[in-house]
Amino acid sequence: MIDTKKRIVVLLGPPGAGKGTQAEFIKERFHIPHISTGEILREHIDKGTPLGIEADKFMHKGDLVPDDLVFDMLKERVQHKDCTHGALFDGFPRNVDQAEMFFQMDYVSSNAKVSAILIDIPDDEVIKRLSNRRYCPNCKSIYNLIHKVPQKKAGTAFLCDNCGTELEIRDDDKVETIKNRLNVFHNAAGPLIDYFIRKNVLHKVNGMISLEEVSRQIAKILE
Ligand code: AMP
């Protein structure tokens, strides 16, 4: 029998765990769109929309944007045609209230197989990874000065390999903000993880192994 269920994947883990990289892998391998709430919010900020102006008040400090704003944005996003056969959520849900909202969405509660994948890494590794992260404000490519070094430079500035734009440090990748983001993550993570365990959909992967090995383990979980 052909399985017609939507494939819904939730990626969990602290900032810098490699969720973005693994999301790209899952998107290609399983042909589902990558929905990053952080990325959509940053697009709203760049465009100066009312949602962006409101969200920025929270985001630049590393705090969570209010649940109702994020939820409305997401309900709209899953109506797009590319979500017909499933979707990968990166950065949502972030707390138990959002997880409850998530499971109540028609999109998730009807005819879907949900898998939550937790990529686990320690805090000192998070700080090391994020403070070395660089971001292309134009094409959104992500680099890391330790393991994904951009090839081109202009003076001391690094340039995007893809489009040549000068790379930036995201406001929320500054060390003080990273520490706040980690606090925010740890406060919410325990109950959120327990929630997914109770739903019987949680899978844990060690994020300290190579990117390829993390991908291999994720593929095994989802196949
Ligand atoms: P991320 O790119 O997932 O690390 O998200 C960057 C920032 O966007 C977070 O620090 C929050 O301020 C905001 N954000 C992203 N997703 C959510 C969410 N599900 N709920 C509330 N705020 C969010």
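Thr21, Gln22, Phe25, Ile26, Arg29 and Phe30 in helix 1 meet Leu211, Val214, Ser215, Ile218, Ala219 and Leu222 in helix 9, where a contact means heavy atoms within 4.5 Å. Sorted by class, that contact holds eight nonpolar, three polar and one charged residues. Here Ala, Val, Leu, Ile, Met, Phe, Trp, Tyr, Cys and Pro count as nonpolar, Asp, Glu, Lys and Arg as charged, and the others, Gly among them, as polar.

A quick word on what you're looking at: this is a predicted model, in which local features need pLDDT of at least 70 and side-chain atom pairs count only at pLDDT 80 or more, while totals for chains, interfaces and linings use all residues. Residues are numbered from 1 along each chain as its sequence is written, and side-chain values use heavy atoms, with hydrogens and water left out.

So how do you describe two packed helices? You give the angle between their axes and the distance between the axes. The axes of helix 1 (residues 19-30) and helix 9 (residues 211-222) come within 10 Å and cross at roughly 45 degrees. The two helices are therefore oblique to each other; under 35 degrees would be roughly parallel, over 145 roughly antiparallel, 65 to 115 roughly perpendicular, and the rest is oblique. Helix 1 passes helix 9 in a right-handed crossing.

Now zoom in on Ile218, which sits in helix 9. Is Ile218 buried or exposed? Ile218 is buried, at 0% relative accessibility (buried means under 20% relative accessible area, exposed over 50%, partly exposed in between, using a 1.4 Å probe and protein chains only). Its C-alpha atom is 22 Å from that of Glu39, and the two residues are 179 apart along the chain.

Asn95 is another one to look at, in the loop between strand 3 (86-90) and helix 5 (96-104). A polar atom of the Asn95 side chain lies 2.8 Å from the backbone nitrogen of Gln98. Here are the two residues side by side, leaving aside neighbours within four places in sequence for the contacts.

| Residue | Relative accessible area | Contacts |
|---|---|---|
| Asn95 | 17% (buried) | Leu64, Asp67, Ala188, Leu192 |
| Ile218 | 0% (buried) | Gln22, Ile26, Ile117, Ile119, Val205 |

Finally, helix 2 (residues 37-47). Its buried residues are Thr37, Gly38, Glu39, Ile40, Leu41 and Arg42. What do the buried residues of helix 2 pack against? They pack against strand 2 (34-36), helix 3 (50-59), helix 4 (67-77), strand 3 and strand 5 (133-135). Just after helix 2, Gly48 takes a positive phi of about 70 degrees.

Methods:
Axes fitted to C-alpha atoms, helices over the stretch in contact; angles between N-to-C directions. Helix = DSSP H or I, 4+ residues; strand = E, 2+ residues; numbered from the N terminus. Left-handed = near helix turned anticlockwise from the far one by under 90°. Polar contact = N/O pair within 3.5 Å; in protein donor to acceptor, adjacent residues only side chain to side chain.
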